[in-house]
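This report describes the fold and selected local features of a protein chain. The sequence and the model are shown first, and the description follows.

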Amino acid sequence: MKKVLILVLSIIMVASLALLTACSTPAPQPSAPASAPAVESSAAAAPSESAQPSEAPAKKYKIATVVKLVGIGWFDRMEEGLKKFAADTGHETFMQGPPKADAALQVQIIEDLIAQKVDAICVVPFSPEAVEPVLKKAREKGIVVIGHEADNLVNVDFDIEAFDNKAYGAELMKILGDKMGGEGKYATTVGAVTAKSQNQWEEGGVEYQEANFKNMQLVERKIETYDEQKKAEEIMTELLKKYPDLKGFQGATSQDAPGAAAAVEKAGLIGKVHVVGTSLVSIAGKYLESGALDAIAFWDPADAGYAMNKLATMILDGKKDQIKEGLDLGVPGYEKLIYNSGITENKEKYLYGAAWKIVTKENMGDYNF
């Protein structure tokens, strides 16, 4: 009986000890679900002071500039302006264009950009009439459209020109007329009869000639070169054969005057046949140096590209009401915009600056593009 009592007491003591141990050990906690986010320290979770500007950062826009064709010096220079704009503003800017001056190819590029849902399209059209439907489509999709070298575009928010186009053409004709001594035969070229600004330059030159150099004779005009220097050279070679007494030439595209000058140089007619036109020193410099080309005129395509993108950004930022006569874009030649006096309807959409430059052999060293 005594042994049984001792055994019972031993069992009670062991059970009591086990109970005490269980009560003193904390119960295991369930693990966090796999989807629960990791906990960050307050230092890691809080944004840095530099990431908390006083104002919300501006939206970054995607702006495309569509040019007549790529691979020529004029639009290579324009692309430099676009890159500078991107570096200055942080917006995404880029340039596209067909490999040759072709309206249908340019339209397809714009169609593709609409599908990409870019914020803005800046366009230098080969044919303003050809791009009107696709630009209308772009605007209906909420895309901002800025035109250049085409002040007859309708489906744009704004068109910006570097200057009064007819006055620019007249300035070139003053030089040509003086070089020709105010008399003799001359011819003119344009990239295409659909290229609005180029035709205005040509018309401004011819009008000035008719009013001021009455003894000059225009034998052929607005011959199309399609922005090809080789084509311009071929045209001038034929003109020199057809008109042995030809004394002058005024070209519109950046390739026309250098092409004509090359023909004059090869024919040994430097000083006898005079050539002027739009171009850049990087394209035409060697002909200025040789004397085959008397003078070129231009505006900086880089500044024009920058100005177009600046207008597009202002509209996207809700500042469209600030775009009006007298606006300073902060771009050389575009410090005081002017309404285009030749426009009778919605003229507030058509603005120009005062950006032309006249360059001869004497001052060509001032320009490195």
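What handedness has the β-α-β unit made by S3, helix H5 and S4? The unit is right-handed, with H5 covering residues 128-140; a crossover is called right-handed if, with the strands pointing away from the viewer, the path from the first strand over the helix to the second runs clockwise. Helices (H or I, at least four residues) and strands (E, at least two) are DSSP runs, numbered from the N terminus.

The model is predicted: local features need pLDDT of at least 70 and side-chain atom pairs count only at pLDDT 80 or more, while totals for chains, interfaces and linings use all residues. Residues are numbered from 1 along each chain as its sequence is written, and side-chain values use heavy atoms, with hydrogens and water left out.

**Overall composition**

The protein chain holds eleven helices and 13 strands. Of its 369 residues, 49% are buried, where buried means under 20% relative accessible area, exposed over 50% and partly exposed in between (1.4 Å probe, protein chains only). Contact means heavy atoms within 4.5 Å. Among contacts between residues at least 6 apart in sequence, 67% join residues at least 24 apart.

**The seven-stranded sheet**

An open sheet with mixed pairing is formed by seven strands in the order S2-S1-S3-S4-S5-S12-S11. Its edges are strand S2 (92-96) and strand S11 (338-339), each of which pairs on one side only. Two strands are taken to pair if DSSP finds at least two bridges between them. Helix H3 (residues 73-89) packs on this sheet and touches S1 and S2, its direction making about 170° with that of S2. Axes are lines fitted to C-alpha atoms, for helices over the stretch in contact, and angles run from 0 to 180 degrees between N-to-C directions.

Strand S1 (residues 62-66) runs parallel to strand S3 (residues 120-123), and four bridges join the two. Within this pair, Ala64 has Ile121 as its bridge partner, and Val66 stands opposite Val123. S3 also pairs with S4 in the parallel sense, over four bridges; here Cys122 in S3 is matched by Ile146 in S4. In a regular strand the side chains alternate between the two faces of the sheet. In S3, Ala120 and Cys122 point one way and Ile121 and Val123 the other way, and all are buried.

**The six-stranded sheet**

A second region is built on an open sheet of six strands, ordered S7-S6-S8-S9-S10-S13, again with mixed pairing. S7 and strand S13 (357-359) are the edge strands, each pairing on one side only. On average, neighbouring strands of this sheet are turned by 15° against each other, direction ignored. Strand S10 (residues 295-298) and S13 are antiparallel and share three bridges, with Lys357 in S13 as the bridge partner of Phe298. Helix H10 (residues 281-290) lies across S10 and S13 and runs at about 165° to S10.

**Helix H6**

Helix H6 (residues 165-179) contains 15 residues and spans 22 Å from its first C-alpha to its last, close to the expected 21 Å; the expected span is 1.5 Å times one less than the number of residues. Asp164 caps the N-terminal end, with a side-chain oxygen 3.1 Å from the backbone nitrogen of Lys166. The buried residues of H6 include Tyr168, Leu172, Met173, Ile175 and Leu176.

**Positive phi values and the surroundings of Thr188**

The table lists residues with a positive phi.

| Residue | Phi | Location |
|---|---|---|
| Glu149 | about 60° | loop between strand S4 (144-147) and strand S5 (158-161) |
| Lys222 | near 55° | strand S7 (residues 215-224) |
| Gly181 | about 70° | just after H6 |

Neither Glu149 nor Lys222 is a glycine. Glu149 counts as buried because its relative accessibility is 6%, whereas Lys222 is partly exposed because its relative accessible area is 22%.

Thr188 belongs to strand S6 (residues 183-190) and counts as buried because its relative accessibility is 1%. Its side chain reaches the backbone nitrogen of Lys222 at 3.0 Å. Leaving aside neighbours within four places in sequence, Thr188 is in contact with Glu202, Leu218, Glu220, Arg221, Lys222, Ile223 and Gln250.

Methods: A polar contact is a pair of N or O atoms within 3.5 Å; within protein, one must be able to donate a hydrogen and the other to accept it, and residues adjacent in sequence count only if both atoms are side-chain atoms.
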